[in-house]
Amino acid sequence: MFRGAGDSEFAFELLVSRWAELAWHPAADERPVVVARQLGTRERRWDTVVIEVDPDALAVRRAFGDRGLDSDLLRVVRGAPREYAWYRDALEDPGFPWRYVREAVHRAAGRDLIEKRGGRNGRIEFRRKREYPDWVERVVAIENKPDLDASAAAALSDQLRHDVDAGLADEVWVATSATGDRVSPALLEDMPVEVGVMEFDFSEGVDVDADAAEVVWHPTALAADGDPRTRLLLAERAYGKGWRSFRETMRPDCRHFELRREGRALVPYCTAKERVPTAAECKGGCPDFSPEPPQWRSNGWPIEGGPGKGIRALLERRRARERRRAVGEE
């Protein structure tokens with residue numbers, strides 16, 4: 001992978017996600033995307049999710065804010081009428097108590113997604129501010145397995161078959177590290193034929209060149225005839241979460257935490273462990289955890305709020321920049 005990554009599948013996952021953000025698609029022309037990690041349903045969680053988008057429609061989606069919309073907010077925003085109406089007249093029966101819908105109407109208004117007012121007899125009325133766009137073109141699932149051997153391929157077989165049959169993804173891929181040897185055809189036989197396989201050489205970090213990914217096996221275009229609401233919800237979660245969400249689950253406020261550049265990628269690094277830590281390791285309970293001294297977070301020195309806050313802000317700015325790039329603003 002790269003020096004300092006150790007045997008970390010987590011580090012590989014970050015590099016694949018960054019590469020996808022820069023150079024997707026591996027076997028076709030470059031396409032605008034939103035990339036996220038560790039998303040899925042109750043039945044299955046995907047390592048990397050690539051949402052191919054319509055740039056113009058995504059620009060309209062951005063007007064709804066930077067946070068993802070959950071299922072209740074989507075019901076309200078997508079069902080909002082052009083003119084004021086009582087929410088129970090405007091929306092289909094949700095199949096659960098209406099009070100939860102009313103709460104979602106209030107939340108949507110609080111986020112400036114809709115307009116609401118008090119109607120006759122105390123009824124809550126609402127209307128759209130803007131039409132929610134059809135911004136999602138394709139959903140792609142990637143399973144990251146840097147050490148893909150025969151046993152790993154066999155273990156993945158059932159999971160990949162579920163991905164193919166679930167109807168939520170338009171393509172399914174396995175990403176692995178390049179070893180210099182050709183992938184054995186016998187190894188591919190253990191996986192569903194519809195699943196694509198691509199190899200990466202990240203020894204020099206992430207390059208913007210799409211050729212950095214060698215396609216070993218081309219995927220089959222899937223029907224993606226599963227629940228469209230679930231697909232849209234996955235896309236909204238990807239939009240809101242992104243792949244840099246480790247800033248929220250790790251401890252950038254530890255004095256041992258750094259961001260290191262690997263080509264066009266920034267990855268977390270622990271100076272105490274001298275490698276990329278896993279998300280499970282980088283917690284307050286880590287024996288090497290050493291919180292920033294209070295003076296680092298006071299008086300604006302050396303960074304307003306301290307290095308940990310600065311790292312979080314940097315990663316958030318980079319996520320925002322890639323959203324702008326996806327709609328052609330950069």
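**Chat about the model**

Colleague: Let's start with Thr 176: is it buried or exposed?

Modeller: Thr 176 is buried, with a relative accessible area of 3%. For that wording, buried is under 20% relative accessible area, exposed is over 50%, and partly exposed is in between, using a 1.4 Å probe and protein chains only.

Colleague: Before we go on, what sort of model is this?

Modeller: It's a predicted model, where local features need pLDDT of at least 70 and side-chain atom pairs count only at pLDDT 80 or more, while totals for chains, interfaces and linings use all residues. Residues are numbered from 1 along each chain as its sequence is written, and side-chain values use heavy atoms, with hydrogens and water left out.

Colleague: OK, back to Thr 176. Which element is it in, and what does it touch?

Modeller: Thr 176 is in strand 7, residues 171-177. Helices (H or I, at least four residues) and strands (E, at least two) are DSSP runs, numbered from the N terminus. Not counting residues up to four places away in sequence, Thr 176 touches Phe 12, Lys 145, Pro 146, Asp 147, Leu 148, Met 198, Glu 199 and Phe 200. Contact here means heavy atoms within 4.5 Å.

Colleague: How many residues are in the largest nonpolar core?

Modeller: The largest nonpolar core has 57 residues, and Ile 51 and Trp 135 have the most contacts inside it. A nonpolar core is a set of buried Ala, Val, Leu, Ile, Met, Phe, Trp, Tyr and Cys residues joined through side-chain atoms within 4.5 Å.

Colleague: And what is Trp 135 in contact with?

Modeller: Leaving aside neighbours within four places in sequence, the contacts of Trp 135 are Ile 51, Glu 52, Val 53, Asp 54, Ala 57, Leu 58, Arg 61, Leu 232, Ala 235, Glu 236 and Tyr 239. Apart from that core lies another, with 34 residues, among them Ala 11, Phe 12, Phe 246 and Cys 282.

Colleague: Switching to holes. What's the volume of the largest pocket?

Modeller: About 310 Å³ for the largest pocket. Ser 71, Leu 74, Arg 75, Glu 92 and Arg 229 are the closest to its centre, out of 14 lining residues. A pocket is found on a 1 Å grid over the protein atoms alone, as an open set of points with protein on both sides within 12 Å along at least five of seven lines; a cavity is a set of points where a 1.4 Å probe fits but cannot get out, and lining residues have an atom within 4 Å of a point. Grid points are joined across faces, edges and corners, and a volume is the space filled by probe spheres set on the points.

Colleague: Which elements give two or more residues to that pocket's lining?

Modeller: Helix 3 (71-79) and helix 8 (228-241) do. Helix 3 gives the largest share, five residues. By class, the lining has six nonpolar, three polar and five charged residues. Ala, Val, Leu, Ile, Met, Phe, Trp, Tyr, Cys and Pro count as nonpolar, Asp, Glu, Lys and Arg as charged, and the others, Gly among them, as polar.

Colleague: How many cavities of 30 Å³ or more are there?

Modeller: Three. The largest cavity holds about 100 Å³ of space. Of its 14 lining residues, Cys 254, Cys 270, Lys 273, Cys 282 and Cys 286 are the closest to its centre. That lining has eight nonpolar, one polar and five charged residues.

Colleague: Cys 254 again: how far is its C-alpha from that of Asp 288?

Modeller: The C-alpha atoms of Asp 288 and Cys 254 are separated by 9.0 Å, and the two are 34 residues apart along the chain. Asp 288 touches Cys 254, His 256, Ala 272 and Lys 273, again not counting residues up to four places away in sequence. Asp 288 is partly exposed, with a relative accessible area of 32%.

Colleague: New topic. At what angle do helix 1 and helix 10 pack?

Modeller: Helix 1 (residues 9-23) and helix 10 (residues 307-326) pack at about 35°, with their axes 10 Å apart. Arg 18, Glu 21 and Leu 22 of helix 1 meet Arg 321, Glu 322 and Arg 325 of helix 10. That contact has one nonpolar, no polar and five charged residues. Axes are lines fitted to C-alpha atoms, for helices over the stretch in contact, and angles run from 0 to 180 degrees between N-to-C directions.

Colleague: Last one: what is the phi of Gln 38?

Modeller: Gln 38 has a positive phi of about 55° although it is not a glycine. Gln 38 sits in strand 1, residues 33-40.
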